[in-house]
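Hello,

Here is the structure we talked about. Please have it open while you read the notes below.

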Amino acid sequence: MKTQLDEIARISIGASLPRYSKTYEGDKQETDVLYCTVDEFYTKKGEIATDIDSKYLTQKGDVIFRLSSPQAAISISETSEIPEGVVVSSKFVIIKPRDVNPDFLAELLNSNIARNQIQKFSEGIIKQIKKNDVARLKFEIPSLKEQKEYVEYINLINKEIKLQKQLLKENIDLKEGIIQKSQGVE
């Protein structure tokens with residue numbers, strides 16, 4: 001039986017950054033803020049209010065989901081690229097799963113199963129979806145034991161993909177080096 005995401009997780013929108021940075025009158029500090037390219041999450045320093053509510057900061061077990069296209073998700077854990085304590089902007093939702101492995105949920109959200117559902121909700125050229133659309137996503141949720149097994153396999157595949165991408169990049173660089181050398185460019 002398919003379960004709607006808001007039945008297995010608490011979903012909230014990230015912080016309005018202008019409210020906590022540009023227009024904020026109080027004390028500010030350099031803080032890591034979450035951003036996302038097409039397929040990579042990263043952080044960048046920003047001047048953010050020192051008293052920003054902790055609900056807007058990444059925490060272990062959270063799944064962060066990008067609302068604009070291309071949608072992407074990442075789980076926050078000891079092994080993720082994004083640490084705890086990073087400010088999440090309103091371009092993302094923060095998902096706090098209950099009785100669901102966060103890594104499994106992130107992989108579900110990154111799958112074609114989610115993309116096909118999201119396509120129905122997308123608006124405009126930018127393909128922005130809303131928090132309520134994320135809440136309506138439906139998935140089959142296997143047992144926690146099965147989720148853990150799936151995540152172990154998926155992590156191995158993700159490592160292989162990362163290695164293959166690195167190898168491809170190195171081969172492209174090598175090819176460019178050969179071409180430049182043939183033209184007397186060093």
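What follows covers one helix, one loop residue and some salt bridges.

This is a predicted model: local features need pLDDT of at least 70, side-chain atom pairs count only at pLDDT 80 or more, and totals for chains, interfaces and linings use all residues. Residues are numbered from 1 along each chain as its sequence is written, and side-chain values use heavy atoms, without hydrogens and water.

Helix α4 spans residues 112–121, and A114, Q117, I118 and F121 are buried in it. (Buried means under 20% relative accessible area, exposed over 50%, partly exposed in between, with a 1.4 Å probe and protein chains only.) These buried residues sit on the same side of α4, because they cover an arc of only 100° around the axis. N112, Q119 and K120 are exposed on the other side. The cover over the buried residues includes β5, α3, α5 and β8.

L137 lies in the loop between α5 and β8. L137 is buried, at 0% relative accessibility. Beyond its neighbours within four places in sequence, its contacts (heavy atoms within 4.5 Å) include A114, Q117, I118 and F121.

Now the salt bridges (a side-chain nitrogen of Lys or Arg within 4 Å of a carboxyl oxygen of Asp or Glu). The whole structure has five. Among them:

- D62 and K96 pair at 2.6 Å, N to O. D62 is in the loop between β4 and β5 and K96 in strand β7, so the bridge ties together parts 34 residues apart in sequence. Both residues are buried.
- D133 and R136 pair at 3.4 Å, N to O. D133 is buried at 8%; R136 is partly exposed at 40%.

Best wishes

Note on methods. Helix = DSSP H or I, 4+ residues; strand = E, 2+ residues; numbered from the N terminus. Arc of directions from axis to C-beta.
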